[in-house]
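Student: I've got a model open and I'd like to go through its aromatic rings. Can we take it a few questions at a time?

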Amino acid sequence: MAKEKKPHFSISPDGTVAQEFITVNERAPDAHYDHIPDLVEGMERDGNTFLFLCGNGICLEIKWLGSKLIRFRYALDGLFDRDFSYATDPQFKPEPGLLINLAESDEKYILSSESLQCHIERSSLRVHLADHDGRWICREKQGFYGRSTILRGKIRLGVSKELRKGARYYGLGDKSGDLCLNGKAYVNWNTDAFSFGAGSDPLYKSIPFFYGLQDHRAFGIFLDNTHRSRFDFGKTRRDELFFESEGGEMSYYFFYGPALSEVAMSYARLTGVPELPPIWALGFHQSRWSYFPDSRLLEVARTFRDRKIPCDSLYLDIDYMDGFRCFSWDPAHFPDPKGLIGGLKELGFHTVVMIDPGIKIDREYWVYKEGMEKKLFCFRGNGDLMTGPVWPQECVFPDFTNPETRAWWGELYRELYLEQGVAGFWNDMNEPAVFKISQLTFPDDVRHDYDGQPCNHLKAHNIYGHLMARASREGLKKLDPRRRPFILTRAGFAGGQRDAATWTGDNVASWEHLKIAHRQAQRLSISGFGFCGSDIGGFMGQPDGEMMLRWLQMGVFHPFFRIHSMGNNLSGASGSNPDWVHEQEAKERLDQEPWAFGKDWEILNRKAIEARYQWLPYLYTSFWDWVKTGFPILKSLVFWDQEDPQLLENEDGVWVGKDILVYPVLAPGQKTKTVYLPKGKWLDFHTGKNYDGGKKHKLRIHMDQIPVFVRGGAIIPQHPVRQSTAFPAEELILRIYPGEEGTYTSTLYEDAGEGYGADLVFRFEFLVFSWGGRIRVNTEGEFSNPYKKLRIQAPGVFFERAECKGESIPVQVFKWGTEILIDPFPSEGKDPGFEVLFEKVK
């Protein structure tokens, strides 16, 4: 009998699709089957959900969630997976009253909302998206493709799209390369990436979301799939963009702007935002591996206060534990944790401790015993317990995809949080990291509950750190519902921003890494993880005084602001170097506290950290705005003006909040720096000097500050310097920056900085005239005005006279500008507002 041959489609490594012939009855170690849609033979509609069925069984479900938001799901055999996601916000709701029109022709179907058209080809199931006027936004090249095997099931699911000339791509979260993704390819697989570099990939977090910018119109794509995924932005083929996963289901969301900021806000609505953090979490944090014994930690705390360097929290790394047992204290080094933490609190410090997922195997250890009794740890496919070395030589690992495990884990914090007074928790090593194996993490066959749909580690790996942080946050909320939890996580997945702040991991003390941190913070912020920062000064190695200063000055504007260093732990100490040496008694301690670089650098470092506390009202308001609207705190400059070709690949500056641009100093010894300012009127924050946008400017660089520019017409709220947020600010400073004649608005958000009570919003209306200006102040909310004094500063502007509520106010003129002090504050209780009028010197 002759062997029958049939046509067969294959996808080559470069992403191209070719037709070949295979012998149906030939035997292979693991025969593969390629899945390419053929002719669409049917369409079904259920409200705003449309199902397209191909002759070979492949199905596409298109669900409109908003006039600019569509979800696409593909099934190889007509059977979709359970509709379940850890990434999307449980509070998300589709746009109400949405009306989708359907039109058909012999060649295609067209679905349309008031903003967007979706064209589906009958012959190939390829999908093309256009705006309401029919201008193409995003077209498919080869469309959907898949591959499965007998032994492994689905191993490749992807979508190929056109990469058109002039298009730019941004996002993907935790990546260390250039902000513009063009010509690059990246993998999403959470990895313990110790001492990573600019070309390292993958890193600690997986955020499969990116922006596209084509013909000045922006869109976004989010692949909601937790398997290992790959995104290629023209690296393999210059005219093709494709994204694919190694299993699961091809399920992705398409967001249309047309503004980049609109895409960001739509993504935030889908995947969620955190609640406001406690105000102390936006202060300065000091950490190292490790502070011990307790006397050393107290010494550091008192030194901050003696040297008058502001600080809000101190961190304890793994060495506070008893033999690396999480939720325990080393009795020799920390005999009285409650007394220690109480003493630090009296000095205005909050204490944050590390908690890792690796639980030491010890039959006498209560956490291990409980987890074993309740069967809450991970098991291998053959039924054996998953064990491996991390800091303890043998660990077990909780299965955080099991709701029972998450509930149990949250309760473990009770003593630390409620009885001993620990304020926040730092979830580390949760990629999950495992030492002494080449892949640095669990074997693929480890089993997970996945909220009732068991799976292997290939599916659960990228979500593990996210769910650890979620379990921690939910536990703290349940233990004390009156307080806002603070959780810091190293690993995460899209949506993880709802549960924790993050940082960029184990970086290096180098100027290259200073630049990387500048890029990473922007990329994380526009990818949803707005509460982010880096290890200032570098985790590995030691910076010199200038590098530390420039990193601090940049970090002032990153939401998470922490020095953390490896200290005297002199080897790799991570999965990349399992034979680590933990030298606690090294002769050189390699300190990285702000005073560790000599008196001159200490003065400059103090000024930088003081600036953070002056900027807190602006940063807290920017955080509130992100939580309320989804508008990112940090944004690449292209977000300011996506039609300006000078900004498409500009990595020099960062847009912070709504009103300022910051240009960090990223190289040693800089005396001058040339910056490009976007179109508009800009003023130097420090001097008030006017600059025209849309052009480059050469600036003199000073050691004690970095260039900061304010949007013309903005009012920047600030505080006087204080040593900790534990000490209230009784004076509000408004720095005003008149632009062209016109009316401008700014906002200040206030609340208690903790808990969930009343709040207060100040609305500032700034009317700028040729002869002076008028500031109208109104408030909304029930929170009592916390300020006793109001100080208005106008850098570079000189008043002749000023008045408030019709009464004259003394004007003080300095070399740098004008200042007026209103004492007492002109509005109390539910006062509807007030005005301040000023006239310039003629």
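Student: Which residue lies over the face of Trp189?
Tutor: Keep in mind that this is a predicted model. For an arginine, the charge counts as sitting over a ring if CZ is within 6 Å of the ring centre and within 35 degrees of the ring normal. Here the distance from the ring centre is 4.3 Å, and the residue over Trp189 is Arg228.

Student: And how far is Arg82 from the ring centre of Phe84?
Tutor: Arg82 is another one lying over a ring face, this time that of Phe84. Its distance from the ring centre is 4.1 Å.

Student: How many aromatic pairs does the structure hold, and how is the pair of Trp615 and Tyr618 classed?
Tutor: The total is 73 aromatic pairs. For Trp615 and Tyr618, the centres are 5.5 Å apart and the planes are at 75 degrees. Planes over 60 degrees apart put a pair in one class, so Trp615 and Tyr618 are edge-to-face.

Student: Where do Trp615 and Tyr618 sit, and are they buried or exposed?
Tutor: Both belong to helix H11, residues 599–629, where being three residues apart separates them by about one helical turn. Trp615 has a relative accessible area of 3% and Tyr618 has 5%. Under 20% is the cut-off, so Trp615 and Tyr618 are both buried.

Student: What about Tyr663 and Phe709: how many residues apart in sequence are the parts they tie together?
Tutor: Their rings make an edge-to-face pair, with centres 5.9 Å apart and planes at 85 degrees. Tyr663 lies in the loop between strands S39 and S40, and Phe709 in strand S44, so the parts tied together are separated in sequence by 46 residues.

Key
Residues are numbered from 1 along each chain as its sequence is written. This is a predicted model: local features need pLDDT of at least 70, side-chain atom pairs count only at pLDDT 80 or more; totals for chains, interfaces and linings use all residues. Side-chain values use heavy atoms; hydrogens and water are left out. Rings of Phe, Tyr and Trp (its six-membered ring) pair if their centres lie within 6.5 Å; planes under 30 degrees apart count as stacked, over 60 as edge-to-face and the rest as tilted. Helices (H or I, at least four residues) and strands (E, at least two) are DSSP runs, numbered from the N terminus. Buried means under 20% relative accessible area, exposed over 50%, partly exposed in between (1.4 Å probe, protein chains only).
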